[in-house]
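Student: I have the structure open and would like to go through some of its parts. Could you take my questions one at a time?

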Amino acid sequence: MAAATQALLSLFAASLPTKHRPLTIRASKPATTNPPIAGRKLRAAVIGAGPAGSSAAEALAAGGVETFLFERSGPSAAKPCGGAIPLCMLDEFDIPRHLIDRHVTRMRIFSPSNLAVDFGKTLLPDEFIAMLRREVLDSFLRSRAQSCGADLISALVTDLEVPTSNDAPYVIRYISNNSQKALAVDVVIGADGANSRVAKSIKAGGYACAIAFQERIKLTDDKMEYYEDLAEMYVGNDVSPDFYAWVFPKCDHVAVGTGTVCSKQDIKVFQRAIRARANSKISGGKVIKVEAHPIPEHPRPTRVRGRVALVGDAAGYVTKCSGEGIYFAAKSGRLCGQAIVKASEGGQRMINEGDLRREYLKEWDAKYITTFRFLDLLQKVFYGSDAAREALVELCGDEYVQRMTFESYLYKKLADGNRWEDAKMVCNTIGSLMRCNILGKKMESLKL
């Protein structure tokens, strides 16, 4: 669920530059006292085969680690997800262009008062937001992990037995083909979503979760033509008290949904509201699928314990304000897999908790944790009231804001700006917040 909000707010808290790294991993030889493994390679289990799990499994298998990738859901299963990914992910993760459903070049954002602002005026001819269906992307990434040597196991993982000694294996207990089975491994990566069983097994601590609700609606050809290269976002207390609602185009349908943390019991009320606000464009459409899923709101207190690491939603890597998670899931999975390959010298040595903290967690936090925390703060600023949401939409109309923020979002790096324009933008932000807050108070007094 990412796009314009992440783009706008990335201007303030853009991630550090991310360079493409070929997946061929050269296992360096850090100073280590970890014992070598005799007669076999390091064995790793990855629980969950979404973008995080499949990216981790691909990196592990390509790097020489014996890899088992567990996936419970069928090939057509997918959680409710807007399916937007930044342009840089296509090259960084070698995503084939034919997987893309829509090349979105226009974002239309609707304020609580239904003021509409087009976001995307500054995009270059070859720039766009890629819209994909999660089941298509996930299937591709799983297949690629298999082609690198990962063993895909279709099964329900029921338990993770944590060893009591440092050199004993972890035991994965699972059900496959109606039979109880077990697998002993050296390392575990939990990529099993917000309700992670792996996280519970290592007592990783809880976190607040949003609920995302989405309907896939098949429209007539003339109505789909309206969404040819357009995605829509709606903000307001009516569609969500702390998030936004969306209409995102897919191959032959639109995804219409919303999310909330503080009013989960009212999620269907908010869904009816977004359908009402978009009614003129989606009326007469046929609902072909209904989806609901928890979305983490912040990183877990513990993301590494022993020889177990959490990635993606299981670790809590979904940004505030936008709900962007696909890129960060795949990125965390790959980084974790590469960390294990490096620490184990290509699967030849055992690893420990210190290795995972140094090679994975420290690297991840250095690149992204500040961004996550800052976006948390900005969500409180821009999503706290309808007045603040009006200010957010007003700011989206500024072309300098659009250029800077789309560059930051699409390429996951800090855009080069103009100090004078940056100063003007900060002043405009403060002015918009103050003006919309005053107007909001006047409207409330009139209602009274």
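Student: Which residues in H4 are buried?

Tutor: This is a predicted model, where local features need pLDDT of at least 70, side-chain atom pairs count only at pLDDT 80 or more, and totals for chains, interfaces and linings use all residues. Residues are numbered from 1 along each chain as its sequence is written, and side-chain values use heavy atoms, with hydrogens and water left out. Helices (H or I, at least four residues) and strands (E, at least two) are DSSP runs, numbered from the N terminus. Taking buried as under 20% relative accessible area (1.4 Å probe, protein chains only), the residues are Arg-134, Glu-135, Leu-137, Asp-138, Leu-141, Arg-142, Arg-144 and Ala-145.

Student: What do the buried residues of H4 pack against?

Tutor: Contact means heavy atoms within 4.5 Å. The partners are helix H2 (51-62), strand S2 (66-71), S8, strand S13 (209-218) and helix H10 (326-343).

Student: How far apart are the end C-alpha atoms of H4?

Tutor: The expected span of a helix is 1.5 Å times one less than its number of residues. For the 14 residues of H4 (residues 134-147) that should give 20 Å, and this agrees with the distance between the end C-alpha atoms, 20 Å.

Student: Which are the edge strands of the open sheet S8-S2-S1-S12-S19-S18?

Tutor: The six strands have mixed pairing, and two strands pair if DSSP finds at least two bridges between them. An edge strand pairs on one side only, as do S8 (151-154) and S18 (304-305).

How values were computed
Buried < 20%, exposed > 50% of the residue type's maximum accessible area, 1.4 Å probe, protein only.
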